[in-house]
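Me: Hey, I'm new to this one and could use a quick tour. Can you pull it up so we can talk it through?

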Amino acid sequence: MASGPASFSDIGKKAKDLLTKDYNFGHKFTLSLLSSSGLGLTATGLKKDQISFGDISTLYKSGNTTVDVKVDTFSNVTTKVTVSDILPSTKAAISFKIPDHQSGKLEVQYLHPHAAINSSIGLNPTPLLELSAAIGSKDLSLGGEVGFNTVSASFIKYNAGIGLNRPDYSVALLLTDKGQALKASYIHFVNPVNGTAVAAEMTHRFSSTENSFSIGSSHALDPQTVIKTRFSDNGKVAMLCQRKWRPKSLITLSAEYDSKANNAAPKLGLALALKP
């Protein structure tokens with residue numbers, strides 16, 4: 001809901017997207033087609049480190065039901081059926097992958113003006129249970145997530161976090177890796193008119209007392225061109241240029257240089273997304 005809190009997975013997402021989204025250091029091609037009947041087709045190809053793979057997916061919407069079927073180059077067929085408003089403010093989805101007969105999963109999402117709850121359970125004899133919840137409002141949310149392995153009867157993850165969202169900035173604090181790491185992120189929208197924003201993310205690991213950080217920026221040169229930069233404490237510097245050359249089509253150039261790697265050539269990437 002627009003007035004309610006976002007899902008727990010969205011806490012800190014704005015800063016993370018600025019620092020990582022659309023960076024690609026391979027060759028990627030995406031073609032998306034959508035018919036008036038509600039049927040969509042997307043073909044994706046990716047080449048990275050001399051390895052090529054891809055997939056073709058179809059998406060069909062009818063009423064409150066969405067069916068997504070994907071076939072990849074490894075002959076896996078993934079199917080997901082989503083039904084919205086199965087109950088008031090509730091969405092349910094069932095997914096499975098062929099030939100993996102252990103891959104079935106049921107997901108349920110419930111959105112309330114003051115809470116967002118997501119849960120999933122594996123549809124197999126030894127299911128993995130996952131639950132995440134966030135309470136608050138669209139401006140301030142507090143949440144956590146847990147994952148439980150029924151085979152070992154142990155928790156495989158438990159994280160918590162708090163996020164504050166304002167029109168000109170967003171800040172988040174997350175306790176991750178079963179309480180072993182503390183992650184703080186911040187994004188500031190300097191000038192919403194030209195899309196100028198800066199973001200930073202810092203992680204502290206309690207076991208090793210190590211700190212790591214990344215800082216980045218985003219700026220729209222014009223309505224069709226966006227430039228992004230990123231610098232990390234490990235010596236890696238990255239830059240991205242994204243150009244909208246048609247109303248729904250994008251071409252993205254990415255580059256990354258590792259200043260600590262001797263004689264290493266910069267990583268370059270090209271992504272082309274076509275949507276008529």
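**Strands, loops and odd angles**

Reply: Sure. Strand β1 (residues 27-34) pairs with strand β19 (residues 267-274) in the parallel sense, over five bridges. Keep in mind that this is a predicted model.

Me: Which residue in β19 is the bridge partner of Thr-30?

Reply: That's Ala-273.

Me: OK, and how many bridges join β1 to β2?

Reply: Eight bridges, and those two strands run antiparallel. Strand β2 covers residues 39-48. One of the pairs to look for is Leu-34 with its bridge partner in β2, Gly-40.

Me: What's between the strands in the hairpin of β1 and β2?

Reply: Four residues. Gly-38 in that hairpin takes a positive phi near 95°.

Me: Which residues other than glycine have a positive phi here?

Reply: Two to look at are Ser-89, with a phi of about 65°, and Asp-177, where phi is near 50°. They catch the eye because most residues other than glycine have a negative phi.

Me: Where is Ser-89?

Reply: Ser-89 is in the loop between β5 (77-87) and β6.

Me: And where do I find Asp-177?

Reply: In the loop between β12 (169-176) and β13 (181-191).

Me: Why does Ser-89 count as partly exposed?

Reply: Its relative accessibility is 27%, and partly exposed runs from 20% to 50%. Asp-177 is partly exposed too, because its relative accessible area is 38%.

Me: Switching topic: which residues does a cis peptide bond join?

Reply: Ile-98 and Pro-99, with omega at about 15°. It's worth a look because most peptide bonds are trans. Pro-99 sits in the loop between β6 (90-98) and β7 (105-112).

Me: Now Ser-249. Which strand does Ser-249 lie in?

Reply: Strand β18, which covers residues 249-258.

Me: Is Ser-249 buried or exposed?

Reply: Ser-249 counts as buried, because its relative accessibility is 1% and the cut-off for buried is under 20%.

Me: What is Ser-249 in contact with, leaving aside its neighbours within four places in sequence?

Reply: Arg-243, Lys-244, Ala-273, Leu-274 and Lys-275. You've met Ala-273 already: it's the bridge partner of Thr-30.

Me: Nice, so that takes me back to where we started.

Reply: Yep. Ala-273 is in β19, the strand that pairs with β1 in the parallel sense.

Definitions and conventions:
Residues are numbered from 1 along each chain as its sequence is written. This is a predicted model: local features need pLDDT of at least 70, side-chain atom pairs count only at pLDDT 80 or more; totals for chains, interfaces and linings use all residues. Side-chain values use heavy atoms; hydrogens and water are left out. Two strands pair if DSSP finds at least two bridges between them. Buried means under 20% relative accessible area, exposed over 50%, partly exposed in between (1.4 Å probe, protein chains only). Contact means heavy atoms within 4.5 Å.
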